[in-house]
Amino acid sequence: GKTFAERARAILPARQVAGLDGVLLTHCHMDAVLGLDDLREVQLAAADPEVWSVHTSTPVYGSSKTLQEVQQIFPYMFPKQESEGHGALRMA
């Protein structure tokens, strides 16, 4: 089947979605967080799907506990950084 990234590349531009303003994580169960890698690939949904690449970072919001757990699972995705404020990180 198709991956999230493939489907998003087809569907989001067709619906005039130009990108993600942020991500809200309600909990750190795998059903909620395993798509974060794919989200990095669709950050620039307005670009031609053949030349998409990640040039920006996306704010990720959640409880302190959730964000700490996500950082442990995906250390490469959240470079060492200060939090943007209570409950926010930037996904590189």
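A residue is called buried when its relative accessible area is under 20%, exposed when over 50%, and partly exposed in between. Keep that cut-off in mind as you look through these close-up views of a predicted model.

**Figure 1. The whole chain is built from 4 helices and 3 strands.** Starting at the N terminus, the elements follow the order α-β-α-α-β-α-β. The chain has 92 residues, and buried residues account for 29% of them. How much of the exposed area of the chain is supplied by carbon and sulfur atoms? The chain exposes about 5900 Å², and these atoms supply 53% of that area. Contacts also reach along the sequence: if you take those between residues at least 6 apart, 64% join residues at least 24 apart.

**Figure 2. The largest nonpolar core brings together 12 residues.** Valine and leucine both appear in this core, with Val23, Val33, Val60 and Val70 alongside Leu25, Leu36, Leu39 and Leu67. Cys28, Phe74, Met77 and Phe78 belong to the core too. Which helices supply at least two residues each? They are helix H3, covering residues 36-41, and helix H4, covering residues 64-73.

**Figure 3. Valine 33 is a member of the core that sits in helix H2.** Helix H2 spans residues 30-33. Is valine 33 buried or exposed? Its relative accessible area is 0%, so valine 33 is buried. Setting aside neighbours within four places in sequence, the contacts of valine 33 are Leu25, His27, Cys28, Val70 and Phe74. Take a moment to find valine 70 among these partners. Valine 33 and valine 70 are 37 residues apart in sequence, yet their C-alpha atoms are 7.5 Å apart in space.

**Figure 4. Phenylalanine 74 and tyrosine 76 form an aromatic pair.** A pair of aromatic rings is described by the distance of the centres and the angle of the planes. The structure holds 1 such pair. What are the distance and the angle for phenylalanine 74 and tyrosine 76? The centres are 6.1 Å apart and the planes meet at 85°, an edge-to-face arrangement. Phenylalanine 74 counts as buried because its relative accessibility is 4%, which is under 20%. Tyrosine 76, with a relative accessible area of 46%, is partly exposed. You can find tyrosine 76 in the loop between H4 and strand E3, the strand of residues 88-91. Beyond residues up to four places away in sequence, tyrosine 76 touches Asp37 and Arg40.

**Figure 5. Histidine 27 and threonine 66 meet in a contact.** Histidine 27 has its place in the loop between strand E1 (23-24) and H2, while threonine 66 belongs to helix H4. Histidine 27 counts as partly exposed because its relative accessibility is 26%. Threonine 66 counts as buried, since its relative accessibility is 5%. Apart from neighbours within four places in sequence, histidine 27 is in contact with Ala32, Val33 and Thr66. Leaving out residues up to four places away, threonine 66 touches Leu25, Thr26, His27 and Cys28. Serine 63 is another residue to locate here: histidine 27 and serine 63 are 36 residues apart in sequence and 8.0 Å apart in space, C-alpha to C-alpha.

**Figure 6. A salt bridge joins the side chains of lysine 65 and glutamate 69.** How many salt bridges does the structure hold? There is 1. The distance from N to O is 3.3 Å. Both lysine 65 and glutamate 69 lie in helix H4, 4 residues apart, which is about one turn of the helix. Lysine 65 counts as exposed because its relative accessibility is 56%. Glutamate 69 has 26% relative accessibility, so glutamate 69 counts as partly exposed.

**Figure 7. Met30, Leu34 and Ile73 form a nonpolar patch on the surface.** Together these residues offer about 250 Å² of accessible area. To find leucine 34, look in the loop between H2 and H3.

Key:
Residues numbered from 1 in each chain as written. Predicted model: local features only at pLDDT ≥ 70, side-chain atom pairs only at ≥ 80, totals over all residues. Heavy atoms only, no water. Buried < 20%, exposed > 50% of the residue type's maximum accessible area, 1.4 Å probe, protein only. Contact = heavy atoms within 4.5 Å. Phe/Tyr/Trp six-rings, centres within 6.5 Å; stacked < 30°, edge-to-face > 60°. Core = buried A, V, L, I, M, F, W, Y, C linked by side-chain atoms within 4.5 Å. Patch = residues over 30% accessible without salt bridge, like charges linked within 9 Å, V, L, I, M, F, W, Y side chains within 5 Å. Areas by Shrake-Rupley, 256 points an atom, 1.4 Å probe, with all protein chains shown as cover. Salt bridge = Lys/Arg side-chain N within 4 Å of Asp/Glu carboxyl O.
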